[in-house]
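Open the model in your viewer and keep the sequence panel beside it. This tour goes stop by stop: select, look, move on.

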Amino acid sequence: MTEPAVHSTRWAPSPGCPPVHPAPRLPSLVLPPDSCDAHCHVLGPADVFPYAPDRTFTPLDAPKEQVRALHAHLGIGRAVIVQSSCHGHDHSVLLDALGSGDGRLRGVALIGEATTRDEIEELHRAGVRAFRLNFLPHLRTPPTRAEIDAVLERVDGLDWAVQLHVRGEEIAALEGLVRALPGRAVIDHIGRVDLTQGRDGPALRSLRALLDSGRVWVKVSGVDRISRQGPPYADAVSLAASLVTYAPERVVWGTDYPHVNIASDAPDDGLLVDLVGSIAPDPAHLQRLMVDNPAELFDFPAAH
């Protein structure tokens with residue numbers, strides 16, 4: 001894979017924001033047509049789309065051209081770009097990326113107190129179909145119920161999903177809140193569960209109960225984040241596979257590229273694609289995971 005040159009940032013990257021893998025392998029798994037990376041980020045370039053002054057971390061740039069080149073290398077035809085907290089509530093970078101997607105991109109927004117309904121409708125026209133709530137303290141102070149209700153009121157009528165970024169121990173505590181949300185909810189990165197708690201720990205019990213509700217989805221992304229073993233992340237892949245089997249109609253997958261706020265080197269995204277073959281070994285489940293489910297959840301056109 002030959003990646004475009006990355007623009008230099010004005011600042012040194014934060015700890016936990018390593019360079020992306022220098023040479024991701026070409027996956028041996030051939031993905032179905034219209035397969036979707038349902039969780040990735042476009043970051044900068046900072047000299048065009050500056051990072052927010054109040055950001056809690058500074059990444060290396062990962063402009064839209066770099067993300068597009070990765071997807072072409074991996075055999076991915078569609079993607080969902082999640083607004084990163086390092087860009088705050090200024091969605092210029094997201095709107096720019098979506099505008100170059102020719103209908104193959106959707107977005108997830110970060111809605112703040114100052115985000116107007118007109119701005120939200122502009123985001124919707126561009127392809128945004130969800131907003132994200134960050135409950136991780138390294139990203140922001142967790143939102144209050146009043147703040148969540150205010151955002152829900154502003155996005156009313158757009159049929160956006162609510163995407164929740166939580167840590168494992170918070171899933172059980174937030175189960176009541178998630179059940180009370182209108183419409184669909186999506187749990188990021190397998191809830192970032194602690195694998196040492198086992199499959200019957202409170203976090204995974206709550207996650208399965210939420211999946212049983214029929215309105216909650218889970219992203220079986222981030223196996224590299226939660227694995228206790230390192231590549232090829234067999235412990236986390238096994239958990240992801242169990243969730244695909246448990247609720248095949250409400251799972252989606254993503255790379256989480258370019259892998260910010262991690263504890264080690266960035267993973268090989270070609271390996272992450274190949275692991276999808278173990279996460280969804282049944283061809284029918286693979287089709288749902290990579291094509292049909294993200295099309296339904298994020299309002300992509302019907303697969304062709």
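The stops below cover a helix pair, a pocket, a cavity and a few backbone details in this predicted model.

**Stop 1: two helices**

Select residues 234-246, helix α8, and residues 269-279, helix α9. Their axes lie 9 Å apart, and the packing angle is about 50 degrees. Angles from 35 to 65 degrees fall outside the parallel and perpendicular classes, and α8 and α9 are therefore oblique to each other. Turn the view until one helix lies over the other: α8 passes α9 in a right-handed crossing.

Now show side chains. Which residues of α8 meet α9? On the α8 side, pick Val237, Ala240, Ala241 and Val244. Across from them, in α9, pick Leu275, Ser278 and Ile279. Colour this contact by class: six residues are nonpolar, one is polar and none is charged.

**Stop 2: the loop before α8**

Step back to Pro231 and Pro232. The peptide bond from Pro231 to Pro232 is cis, with omega near 5 degrees. Pro232 sits in the loop between α7 (223-226) and α8.

**Stop 3: the loop before α9**

Next, select Tyr257 and Pro258. These two are also joined by a cis peptide bond, with omega about 5 degrees. Pro258 belongs to the loop between β8 (251-252) and α9.

**Stop 4: a pocket**

Switch on a surface. The second largest pocket has a volume of about 260 Å³. How many residues line the second largest pocket? There are 14, and the closest to its centre are Asp224, Arg225, Ile262, Ala263 and Ser264. By class, the lining holds six nonpolar, four polar and four charged residues.

**Stop 5: a cavity**

Go inside with a clipping plane. The model has four cavities of 30 Å³ or more. Pick the second largest, with a volume of about 90 Å³. Its lining includes Val42, Lys64, Arg68, His71, Ile81, Ser100, Arg104 and Leu105.

Which element gives the largest share of this lining? That is α1, with four residues. Both α1 (64-74) and β2 (78-82) supply at least two residues each. Colour the lining by class again: six residues are nonpolar, three are polar and three are charged.

**Stop 6: a positive phi**

Finish at Asp159. Its phi is positive, about 60 degrees, although Asp159 is not a glycine. Look for Asp159 in the loop between α4 (145-154) and β5 (161-165).

Technical notes:
Residues numbered from 1 in each chain as written. Predicted model: local features only at pLDDT ≥ 70, side-chain atom pairs only at ≥ 80, totals over all residues. Heavy atoms only, no water. Axes fitted to C-alpha atoms, helices over the stretch in contact; angles between N-to-C directions. Parallel < 35°, antiparallel > 145°, perpendicular 65-115°, else oblique. Left-handed = near helix turned anticlockwise from the far one by under 90°. Contact = heavy atoms within 4.5 Å. Nonpolar A, V, L, I, M, F, W, Y, C, P; charged D, E, K, R; others polar. 1 Å grid on protein atoms, 1.4 Å probe; cavity = no way out; pocket = protein on both sides within 12 Å on 5 of 7 lines; lining within 4 Å. Points joined across faces, edges and corners; volume = space filled by probe spheres on them.
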